[in-house]
Amino acid sequence: MQDVAWTLSLLVMGVIAAVFLWVAAGASSTGGDAGAITREAYRLRAGLFWIAIAAGVAISFATLWSWPMPGHVAAAPKPDAVIKAVGHQWRWELDKDTVRVGQLVEFEITAADVNHGFGIYRDKHHLVAQTQAMPGYVNRLRVRFTEPGEYEVLCLEYCGLAHHAMRAVVKVSGQ
Ligand code: CUA
């Protein structure tokens, strides 16, 4: 997907640069007939505008389907394990903390007081997955742990004096 976006961006930039150069070349070759150049530029711009609109609609339509919208989550496979997580000032409350490697784990994340950030780390600096923990909402975060070990849960949203103390551990056991 990144490669496609990158290639498309390069193509579009190339077209814009080509049009720019073409208009600039026209400006010198017509001996400075500003009116003709302006009309040509407006005509080109109108054409590019509609191409951009059509491309935008087509790309949005094609890519929106893979977005995690409610209707799509309903069609997604059932998770193998569910962990309910509640953020408090200043601790994480997990209703269970052990899963098996390879399982599709769904975290149902909310907060009891203020906004927190639920971040799952492997080792010290590798963020595996994260979402907001918000009072009144349940955010579902699906993770398939591919390596056994202890994963640290840290808070990613400054939530008061002991924000840094919000730690929990999810244990992922081998098969
Ligand atoms: Cu909870 Cu920062």
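The side chains of E152 and R167 meet in a salt bridge, with 2.5 Å from N to O. E152 belongs to strand β8 (residues 149-155) and R167 to strand β9 (residues 167-173), so the contact ties together parts that are 15 residues apart in sequence. The two ends of this bridge sit in unlike surroundings. E152 has 16% relative accessibility and therefore counts as buried, the limit for that class being under 20%. R167, at 47% relative accessibility, counts as partly exposed. The structure discussed here is a predicted model.

**Salt bridges between β4 and β7**

The structure holds 10 salt bridges. Two of them involve E106: one joins E106 to R140, with the closest N and O atoms 3.5 Å apart, and another joins R142 to E106, where the closest N and O atoms are 2.8 Å apart. Both pairs link distant parts of the chain. E106 in strand β4 and R140 in strand β7 are 34 residues apart, while R142, in strand β7, and E106 are 36 residues apart. E106 is buried, because its relative accessible area is 6%. R142 is partly exposed, with a relative accessible area of 31%.

Salt bridges that share partners join K84, E106, E108, R140 and R142 into one network. The salt bridges described so far are set out below.

| Salt bridge | N to O distance |
|---|---|
| E152 and R167 | 2.5 Å |
| E106 and R140 | 3.5 Å |
| R142 and E106 | 2.8 Å |

**The sheet with β4 and β7**

Strands β4 and β7 also appear together in an open sheet of four strands, whose order is β2-β1-β4-β7 and whose pairing is mixed. At its edges stand β2 (91-94) and β7 (139-144), each of which pairs on one side only. From one strand to the next, the twist averages 25°.

Inside this sheet, β1 (residues 81-88) and β4 (residues 104-111) pair in the parallel sense, over seven bridges. Which residue is the bridge partner of G87 in β4? The partner is A111.

**The sheet with β8 and β9**

Strands β8 and β9, which carry the E152 and R167 pair, are part of an open sheet as well. Five strands form this sheet in the order β3-β9-β8-β5-β6, with mixed pairing. The edges are taken by β3 (98-100) and β6 (126-133); each has a single partner strand, so one side of each is left without a neighbour in the sheet. Neighbouring strands here are turned against each other by 25° on average, direction ignored.

Strand β5 (residues 116-122) runs antiparallel to β8, and four bridges join the two. Across this pairing, F118 stands opposite C155 in β8.

**Helices and a nonpolar patch**

Elsewhere in the model there are helices. Helix α1 covers residues 2-29 and includes A24, and helix α2 covers residues 34-64 and includes I59. A nonpolar surface patch of about 540 Å² is made by V4, L8, L11, V12, I16 and I59. Which helix gives the most to the nonpolar patch? Helix α1 does, with five residues.

Is I59 buried, partly exposed or exposed? At 43% relative accessibility, I59 counts as partly exposed, because that class lies between the limits of 20% and 50%. A24 falls in the partly exposed class too, since its relative accessibility is 40%.

**Two domains**

The domain assignment of the protein gives domain 1 (2-67) and domain 2 (76-173). Taken over C-alpha atoms, the centres of domain 1 and domain 2 are separated by 45 Å. A single pair of residues gives another distance: A24 and D123 are 99 residues apart along the chain, and their C-alpha atoms are separated by 55 Å.

Notes: Residues numbered from 1 in each chain as written. Predicted model: local features only at pLDDT ≥ 70, side-chain atom pairs only at ≥ 80, totals over all residues. Heavy atoms only, no water. Pairing = 2+ DSSP bridges. Axes fitted to C-alpha atoms, helices over the stretch in contact; angles between N-to-C directions. Buried < 20%, exposed > 50% of the residue type's maximum accessible area, 1.4 Å probe, protein only. Patch = residues over 30% accessible without salt bridge, like charges linked within 9 Å, V, L, I, M, F, W, Y side chains within 5 Å. Areas by Shrake-Rupley, 256 points an atom, 1.4 Å probe, with all protein chains shown as cover. Salt bridge = Lys/Arg side-chain N within 4 Å of Asp/Glu carboxyl O. Domains from an automatic or database assignment.
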